Amino acid sequence: MGAHPPTMNAGKAAGDPGSPGGGQSPGGLQAGLKNRHLSMIAIGGVIGAGLFVGSGAGIAAAGPGILISYALTGLLVVLVMRMLGEMAAASPTSGSFSAYADRALGRWAGFTIGWLYWFFWSVVLAVEATAAAGILTGWVPAVPQWAWALLVMMVLTGTNLISVGSFGEFEFWFAGIKVVAIVVFIVVGALAIFGLPPGDHAVGLANLTGHGGFLPNGPGAILSGMLLVVFSFMGSEIVTLAASESPNPVQAVRKAVNSVIWRIALFYLGSIAVIVTLLPWDDPALDKSPYVAVLKSLDIPAAGTVMDVVVLTAVLSCLNSGLYTASRMAFSLGERGDAPKSFARVNKGGVPATAIWASVAFGFVATIFSYTSKDTVFEFLLNSSGAVALFVWLVICFSQLRMRKVIERDMPERLTVRMWLYPYLTYATIALILFVVGYMFYNPDGRKQMVLSVVAAAVVLVVGLVLDRRRRAAGGAGAVDGGPEGQADVRKDSLTRS
């Protein structure tokens with residue numbers, strides 16, 4: 001790091017996305033996302049398929065104490081989103097935290113975290129396509145599973161290629177179904193807890209304190225539970241990327257950041273509380289799908305089919321938003337000279353078609369590996385991308401520490417979202433994330449994932465440093481001094497348009 005914080009021009013650019021009614025985002029991206037799209041993206045972004053299916057593993061590990069695991073992880077996400085929101089409200093950009101890291105910490109940081117994030121979501125495409133294909137094959141066995149995976153991926157690729165508005169419309173309805181499903185589940189479950197229909201007697205708190213107590217596997221299980229649930233929160237940050245393609249990104253970011261607390265409290269803590277209250281934590285039925293188990297225990301007709309529809313919707317939503325997110329990160333990397341220039345080109349619809357196809361291609365190859373080499377290549381891809389969420393959160397924290405000074409100095413009027421108790425709470429958040437990282441190295445179940453993720457990060461970092469050194473040696477237009485004071489126009493423009 002240099003001795004002085006980076007500079008940030010407070011001037012406005014043509015097509016300013018921060019101006020109400022702005023029709024175009026930086027780099028030619030179209031401001032085609034409406035307020036209702038962004039609102040639902042923000043709400044639905046925290047509801048992934050992992051909540052409906054993967055929560056069973058967390059409950060098995062920590063018992064009712066999984067609520068503490070979710071609460072601690074949710075607190076971590078709230079704090080990180082507050083920091084990201086502070087930077088995004090001051091300077092909306094399609095590169096989000098990667099662009100801020102580039103400017104605040106150095107080009108190596110933006111390059112590394114940007115490509116790791118792209119890698120993560122490209123692998124997610126394969127995971128979600130495979131999951132969707134599994135559900136659809138169960139309904140229509142005559143169609144091979146690989147064909148369903150291909151069909152799903154191609155359909156959502158088409159919606160992303162048409163326009164950002166079509167992506168937003170699909171995501172609006174996908175997220176809407178998820179939100180309605182969770183709210184109905186919580187309402188029905190709450191009624192049953194108090195002995196109202198569809199329950200036949202009040203359950204009370206017996207399942208929270210019985211069967212070995214609230215922490216049947218000991219306090220250490222809370223940390224094990226955190227490792228199992230921490231990655232289900234990945235996606236909360238998508239709205240800060242999408243906001244740059246809306247008429248009023250600052251307002252969208254501010255609204256999303258301010259609502260993240262109640263979204264996590266309602267959708268995660270609320271629904272998990274219903275599950276562990278209505279059923280004993282060690283009920284074998286919770287292993288496969290806790291939500292289906294609860295609905296079946298209440299004699300809800302066709303509970304399995306209903307939840308299959310909801311899970312399929314969640315999977316398609318994650319696939320849709322994952323493709324969008326990966327392509328926009330690739331677009332931003334292309335704009336900054338850290339990816340092929342073709343990634344930064346947009347088609348007539350104002351979407352980065354090459355970046356979309358590149359992300360789909362990687363995702364589809366990974367999908368093939370999920371069928372042909374599930375226990376080798378695909379498992380390696382999953383493990384080597386598994387800790388990216390923690391890396392992203394760390395980078396956001398360190399970037400905010402420096403960018404806060406820049407915003408206060410160069411554009412204090414844009415500090416419309418403030419991190420609480422800066423810088424002390426930022427340091428506390430860094431300490432908590434590092435604690436989780438350390439525990440992953442210590443925990444046998446998380447060690448392989450963390451080691452491979454660190455190796456992947458190291459490889460990307462080395463590539464970034466080598467490319468940056470070559471650029472500086474060549475003295476090209478994209479050369480920078482390697483530190484936060486670098487003045488490359490693309491980097492500066494990507495952070496000063498707001």
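A residue counts as buried when its relative accessible area is under 20%, and that cut-off is the one to keep in mind at the opening stop of this tour through a predicted model.

Begin by selecting T159, which lies in helix α7. With a relative accessible area of 6%, T159 falls under the cut-off and is therefore buried. Show next the residues around this side chain: leaving aside neighbours within four places in sequence, T159 is in contact with S166, F167, F170 and N320. Then add Y324 to the selection and draw a line between the two C-alpha atoms, since T159 and Y324 are 9.9 Å apart in space although 165 residues separate them in sequence.

Widen the selection now to the whole of helix α7, residues 145-162, together with helix α14, residues 303-335. The axes of these two helices are 10 Å apart and the helices pack at an angle of about 50°, which makes α7 oblique to α14. As you turn the view to look through the pair, the crossing of α7 past α14 is a right-handed one. To see the contact itself, show side chains for V152, M153, L156, T157, T159 and N160 on the α7 side, and for L316, L319, N320, L323 and Y324 on the α14 side. Coloured by residue class, this contact between α7 and α14 shows seven nonpolar residues, four polar ones and no charged ones.

Stay with α14 and follow this helix from end to end. Its 33 residues, at 1.5 Å a residue, should span 48 Å, and because the end C-alpha atoms are 48 Å apart, the expected span and the modelled one agree. A surface display is useful here: 28 of the 33 residues of α14 are buried, so the helix is largely enclosed by the rest of the structure. Just after α14, select G337, where the backbone takes a positive phi of about 80°.

For the last stop, move to another helix pair, formed by α1, residues 35-44, and α12, residues 249-278. Here the packing angle is about 35° and the axes are 8 Å apart, while the crossing of α1 and α12 is right-handed. Select L38, S39, A42 and I43 in α1, and then A252, K255, A256, W262, R263 and F267 in α12, to display the residues that make the contact. By class, the residues of this contact of α1 with α12 comprise seven nonpolar, one polar and two charged.

Conventions. Residues numbered from 1 in each chain as written. Predicted model: local features only at pLDDT ≥ 70, side-chain atom pairs only at ≥ 80, totals over all residues. Heavy atoms only, no water. Axes fitted to C-alpha atoms, helices over the stretch in contact; angles between N-to-C directions. Helix = DSSP H or I, 4+ residues; strand = E, 2+ residues; numbered from the N terminus. Parallel < 35°, antiparallel > 145°, perpendicular 65-115°, else oblique. Left-handed = near helix turned anticlockwise from the far one by under 90°. Contact = heavy atoms within 4.5 Å. Nonpolar A, V, L, I, M, F, W, Y, C, P; charged D, E, K, R; others polar. Expected span 1.5 Å × (residues − 1). Buried < 20%, exposed > 50% of the residue type's maximum accessible area, 1.4 Å probe, protein only.
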